[in-house]
Amino acid sequence: MSANPASKSTGRYSVFAIAREAMRLHSGWKRAWASPEPKKKYQVVIVGAGGHGLATAYYLGKNFGITDIAIIEKGWLGGGNTGRNTTIIRSNYLQDPSAAIYDKALKLYENLSQDLNYNVMFSPRGLLMLAQTEHEVRGYKRTVYANQLQNVSTEWVTPERIKKMLPIINIDGPRYPVLGGLYQERGGTARHDAVAWGYARACSAMGMHIIQNCEMTGIETESGRVRAVNTGKGRIECDKLALVVAGHSSVLAEKAGFRLPIESMALQALVSEPIKPCCDLVIMANTVHGYLSQSDKGEMVIGGGTDGFNNYSQRGSWQHVEETIRALIETFPMLSRLKMLRQWGGIVDMTGDRSPILSTTPVENIFVNCGWGTGGFKAIPGSGWAMAELVAKGQPGPLAADFGLNRFREGRFIDESVAAGVAH
Ligand SMILES: Cc1cc2nc3c(=O)[nH]c(=O)nc-3n(C[C@H](O)[C@H](O)[C@H](O)COP(=O)(O)OP(=O)(O)OC[C@H]3O[C@@H](n4cnc5c(N)ncnc54)[C@H](O)[C@@H]3O)c2cc1C
């Protein structure tokens, strides 16, 4: 298989291709992915064409040679949380299994544009988590030590260094002064749509079917084993089924007859009007609960916490804009002068320990990948890698081994909620 499978059907993207197309008025570009009608049967059906579903398909093809795959999506690909997040990428987690899977993802992100032959605009601009209480100082110093043991390079930085790194910050706030920070130089952002589009193009080039506007409505099982899914485009048989639908995971699990320890709620974000470059780091302020970065267009991209109640609403709400900006303004006074342009929401899938689920299920050959909650964009490549191994072999490899459903029964939580309170 070629290193860049996408190049077979859409032509390889390169500076020469751009020059060639410029000469012929861009008339030769091919569609990045095909839109076929579903076949009657596939070896693997993946429900959900978000980043995690598409990455699972990609690594099934690339690492295991399995390409008889349909990825079915009720809306448009990347239209769920993958296209709605604030694109923070980091791997500075406290617990060993988390650091392993998130750092695998970060390492894959570092070469993802080359691997997919698609510019995902990965920008390792550095990520800083502010400590604004004594509790956070202790917590983040502990994370730095844990990261050293995990071979994940992070460091503790002083308030003075933070002020030098980020002149717009006010470190002397009366309520929440900045006491230091947990810094990961390799952290940053990537363009969320491009991640979905890049994986989709590569999957399509390997002959996989991406079927959009096709909602899965039911699951057929026989003798405790999956047989087919019912969809808006008819019945599709499959040997294996992967449910990768974030906030809708419990709804789909119920159709297969089992329950998941997931709560779904809206997480919102907003962007300001574009301004000149003033912030070349990604900043998280977890005590007041807000985080921000500046997009290439100049907008300040700002996120806050989840809604305080379970819901399936993909919309923003006015009070959320006010609450989030109010929380951040003491530390970033310049925000008070900015107009906010857009806001939106996505339905996130929260587990009790704020760690994901990559698991077999009570139904043979149905696998779930969910529970990434407020922080799964950064995990997409690592999650896809680990999920592909789970689906191909029928059992988890080392990256997914600790994230099974059994941990909730056996009390083996991977408690990241204690580490940061948030997980973006
Ligand atoms: C506002 C916001 C900010 C965030 N910020 C960050 C951040 O900065 N960094 C970070 O790492 N993470 C962040 N996240 C979390 C991150 O976006 C998600 O964890 C991640 O995108 C989940 O990807 P996914 O592929 O699992 O889900 P999704 O992208 O939601 O994909 C699931 C897909 O399944 C489809 N689907 C659902 N039901 C069906 C059905 N019955 N049939 C067919 N298809 C179905 C949906 O339409 C959807 O497209 C944020 C999330 C939000 C909402």
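These exercises on a predicted model, with worked solutions, cover its domains, its ligand shell and its helix packing.

**Exercise 1. The two domains**

Task: State how the protein chain is divided, then describe the side of domain 1 that touches domain 2.

Solution:
- Start with the division. Domain 1 comprises 31–118 + 191–261 + 354–420, and domain 2 comprises 127–187 + 263–350.
- Next, take the spacing. The C-alpha centres of domain 1 and domain 2 are 27 Å apart.
- Now count the contacts. Domain 1 brings 26 residues, which touch 28 residues of domain 2.
- Then name the elements on the domain 1 side. Those giving two or more residues are β3 (88–89), α4 (96–110), α9 (249–256) and α13 (417–420).
- Pick out the main contributor. α4 gives the most to this side of domain 1, with four residues.
- Finish with the classes. The side of domain 1 that touches domain 2 has 10 nonpolar, 12 polar and four charged residues.

**Exercise 2. The ligand shell**

Task: Describe the shell around the ligand and place the ligand relative to the two domains.

Solution:
- Count the shell. The ligand is surrounded by 40 residues.
- List the closest. They are Gly 48, Gly 50, Gly 80, Gly 346 and Gly 376.
- Find the elements. α3, β12 (263–274) and β16 (340–350) give two or more residues to the shell.
- Sort by class. The shell holds 14 nonpolar, 21 polar and five charged residues.
- Place the ligand. Domain 1 and domain 2 both give residues to the shell, so the ligand lies between them.

**Exercise 3. α3 against α11**

Task: Work out how helix α3 and helix α11 are oriented, and which residues meet.

Solution:
- Take the geometry. α3 (residues 51–64) and α11 (residues 380–393) pack at about 60 degrees, with axes 7 Å apart.
- Classify the angle. Roughly perpendicular covers 65 to 115 degrees. The α3 and α11 pair is therefore oblique.
- Add the hand. α3 passes α11 in a right-handed crossing.
- Read off the contact. The α3 residues include Gly 51, Ala 55, Tyr 58, Tyr 59 and Phe 64. Their α11 partners include Ile 380, Pro 381, Gly 384, Trp 385 and Val 391.
- Sort by class. The contact of α3 with α11 has 12 nonpolar, six polar and no charged residues.

**Exercise 4. α4 against α11**

Task: Repeat the analysis for α4 and α11.

Solution:
- Take the geometry. The axes of α4 and α11 cross at roughly 110 degrees and come within 6 Å.
- Classify the angle. α4 and α11 are therefore roughly perpendicular to each other.
- Add the hand. The α4 and α11 crossing is right-handed.
- Name the residues. α4 uses Ile 101, Tyr 102, Lys 104, Ala 105, Leu 108 and Tyr 109. α11 answers with Ile 380, Pro 381, Gly 382, Ser 383, Trp 385 and Ala 386.
- Sort by class. The contact of α4 with α11 divides into nine nonpolar, two polar and one charged.

**Exercise 5. α3 against α8**

Task: Give the angle, hand and residues for the contact of α3 with helix α8.

Solution:
- Take the geometry. The axes of α3 and α8 (residues 192–205) cross at roughly 35 degrees and come within 9 Å.
- Add the hand. The α3 and α8 crossing is left-handed.
- Name the residues. Gly 51, Leu 54, Ala 55, Ala 57, Tyr 58 and Gly 61 of α3 make the contact with Val 195, Ala 196, Tyr 199, Ala 200, Ala 202 and Cys 203 of α8.
- Sort by class. The contact of α3 with α8 has 10 nonpolar, two polar and no charged residues.

Definitions and conventions. Residues are numbered from 1 along each chain as its sequence is written. This is a predicted model: local features need pLDDT of at least 70, side-chain atom pairs count only at pLDDT 80 or more; totals for chains, interfaces and linings use all residues. Axes are lines fitted to C-alpha atoms, for helices over the stretch in contact, and angles run from 0 to 180 degrees between N-to-C directions. Angles under 35 degrees count as roughly parallel, over 145 as roughly antiparallel, 65 to 115 as roughly perpendicular and the rest as oblique. A crossing is left-handed if the near helix is turned anticlockwise from the far one by less than a right angle, and right-handed if clockwise. Two residues are in contact if their C-beta atoms, placed from the backbone, lie within 7 Å. Ala, Val, Leu, Ile, Met, Phe, Trp, Tyr, Cys and Pro count as nonpolar, Asp, Glu, Lys and Arg as charged, and the others, Gly among them, as polar. A residue is near a molecule or strand if its C-beta atom, placed from the backbone, lies within 6 Å of it. Domain bounds come from an automatic or database domain assignment.
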